[in-house]
Amino acid sequence: MPRFAGSFLRIYPVLVSIFLAFLLLSESFGLFYPLNLAHAAPEQVARQFRYFDQTGHSINGAVWRYYNRSGGEGRHGLPLTELLNIKGKYQQFFERSILQFNPDYQGTDHEVEQLPIGSLEVAAKNFGPVTPFVNTATHWYFPESGHSLSDTLLEYWLNNGDKTALGLPLSEELDETDASGHKLRTQYFEFAKLELQPEQKSVQIAALGRRRAMEQLGPAELTAVPQTKLEQPRSMRVPSLMFHYVRTVDAAKDPLGFGLSIKPDIFVKFLDWIQENKYNTVTIAQINDYLRYGIPLPDKAVNIRFDDGHADQWFAYQEMKKRGMTATFYVISRRLELLPSQWQQIDADGFEVAAHTRTHPDLRGVKDLEGEITGSKRDMEMILGHPVRTFAYPYGKYGPEIMRIVRESGFETAVSTNGGYGWTPDSYFTQPT
């Protein structure tokens with residue numbers, strides 16, 4: 001063994017111990033992760049839903065609330081799609097905007113955000129800044145962007161959401177021609193493009209969302225969906241396949257470990273089989289997001305789940321990453337076998353890293369349930385830097401009090417070891433494996 005490797009193996013347990021001690025001290029002295037990660041349990045909010053006959057699409061929940069308070073149809077136009085999973089981000093296309101839903105940040109200012117489609121439009125145009133000047137009542141300079149606003153467009157901007165709804169100006173007023181050959185005065189902003197008809201002095205928001213939808217999406221995403229389908233209770237049949245170790249074990253020496261292990265070469269063959277048979281891997285958070293928010297899953301969805309966070313799961317992650325797959329990893333937060341930076345890397349690569357208690361007890365015999373359950377959520381959120389929304393019961397064991405604390409801790413879903421394939425809103429905290 002190289003000298004460096006041997007030295008690292010000797011100090012690695014010390015590094016992990018230091019990190020865990022830091023977690024304990026952080027909690028004891030109130031130094032936990034500075035972001036406010038608390039959010040209301042989803043079932044506490046009555047479903048808000050509106051269907052638009054004009055386009056055959058709906059707006060739901062948090063997106064609907066944001067849509068209304070940021071200008072509604074006048075600002076965003078009609079919905080052109082349902083919420084879609086676009087490269088791991090949940091987005092909904094409207095005539096004049098694209099809204100992104102971030103379920104991790106439920107109840108915060110980042111729950112729903114506008115995509116800066118105006119910024120994307122000007123990226124290739126390279127509008128240079130103007131010379132700064134002193135503001136007047138009808139002509140303002142914005143040092144943040146180096147551009148100005150004046151007269152009719154300034155008045156419209158002030159009365160229709162200013163920085164929040166439209167963003168900062170990214171150009172000066174321009175002369176452009178629309179698709180019908182009409183000349184317009186236009187100006188680009190972070191989230192929009194304003195169009196001024198000089199004769200009528202009327203201002204409208206350009207349909208940049210529609211143009212991007214036509215360019216980026218296919219017929220399946222744009223096709224109208226019957227209202228009755230959107231309003232019916234959601235359910236899904238998805239196999240969730242649980243693994244613990246990816247390693248070679250002598251059955252005679254460790255029969256329990258042998259039963260929890262799959263050999264690396266067999267695991268690789270399994271991944272290849274999944275791919276050859278056109279299954280699509282999803283996380284448990286994605287299944288939850290279909291049930292709660294209607295965000296569609298791919299055809300032939302399957303979840304691969306790893307419990308306990310063992311060191312050899314790094315090999316599994318690397319093999320899945322090579323194949324463009326994803327999975328859910330449930331980590332015992334006070335028994336880390338991978339470095340925090342490794343879990344951060346797994347998380348950054350689109351895998352779900354979630355909570356599996358602090359020390360992996362049978363929760364039915366634990367007095368400090370909040371320490372094990374809520375504490376593990378805090379630990380993992382401190383490592384990852386964002387909320388953790390799903391939880392796995394150790395040994396698959398749970399009861400009414402355990403489920404209550406899981407729910408009140410802010411988890412949206414908990415997985416058991418109950419058999420079956422059926423995922424429904426009636427079993428958010430006893431989902432199958």
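Start with strand S2, residues 57-60, in this predicted model. His57 and Ile59 point one way. Ser58 and Asn60 point the other way. All four of these residues are buried. The general pattern: in a regular strand, side chains alternate between the two faces of the sheet.

What does S2 pair with? Strand S1, residues 49-52, in the antiparallel sense, over four bridges. Tyr51 stands opposite Ser58. The two strands form a hairpin with four residues between them. In the turn, Gly56 has a positive phi of about 75 degrees.

Now the cores. The largest nonpolar core has 53 residues. Which members touch the most others? Phe306 and Met320. Helix H15, residues 369-384, gives the most to this core, with five residues. There is also a second, separate core of 16 residues. Ile59 from S2 belongs there. So do Ala62, Leu78 and Leu83.

Back to Phe306. Leave aside its neighbours within four places in sequence. Its contacts then include Phe243, Val246, Phe267, Ala316, Met320 and Phe329.

Phe267 takes us to helix H11. This helix runs over residues 264-276, 13 in total. At 1.5 Å a residue, it should span 18 Å. The end C-alpha atoms are 18 Å apart, which agrees. Which H11 residues are buried? Phe267, Val268, Phe270, Leu271 and Ile274. Down the helix axis, the buried residues fall within an arc of 155 degrees, so they line one face. The face turned away from that buried side carries exposed Lys269 and Glu276.

What do the buried residues pack against? Several elements, including strand S14 (240-243), strand S18 (301-308) and helix H13 (313-322). Just after H11, Lys278 takes a positive phi of about 60 degrees.

Last topic, aromatics. The structure holds 23 aromatic pairs. Take Trp314 and Tyr317. Their ring centres are 4.8 Å apart, and their planes are at 50 degrees. Edge-to-face needs over 60, and stacked needs under 30, so this pair is tilted. Both residues lie in H13, three residues apart, about one turn of the helix. In general, an α-helix has 3.6 residues a turn, so residues three or four places apart point the same way.

Are the two buried or partly exposed? Trp314 is at 22% relative accessibility, so it counts as partly exposed. Tyr317 is at 3%, so it counts as buried.

Ring pairs also link a wider cluster. Among its members are Trp314, Tyr317, Phe243, Phe267, Phe270 and Phe306. Phe329, Trp343 and Phe351 are in the cluster too.

Technical notes
Residues are numbered from 1 along each chain as its sequence is written. This is a predicted model: local features need pLDDT of at least 70, side-chain atom pairs count only at pLDDT 80 or more; totals for chains, interfaces and linings use all residues. Side-chain values use heavy atoms; hydrogens and water are left out. The expected span of a helix is 1.5 Å times one less than its number of residues. Buried means under 20% relative accessible area, exposed over 50%, partly exposed in between (1.4 Å probe, protein chains only). The arc is that of the directions from the helix axis to the C-beta atoms. Contact means heavy atoms within 4.5 Å. A nonpolar core is a set of buried Ala, Val, Leu, Ile, Met, Phe, Trp, Tyr and Cys residues joined through side-chain atoms within 4.5 Å. Two strands pair if DSSP finds at least two bridges between them. Rings of Phe, Tyr and Trp (its six-membered ring) pair if their centres lie within 6.5 Å; planes under 30 degrees apart count as stacked, over 60 as edge-to-face and the rest as tilted.
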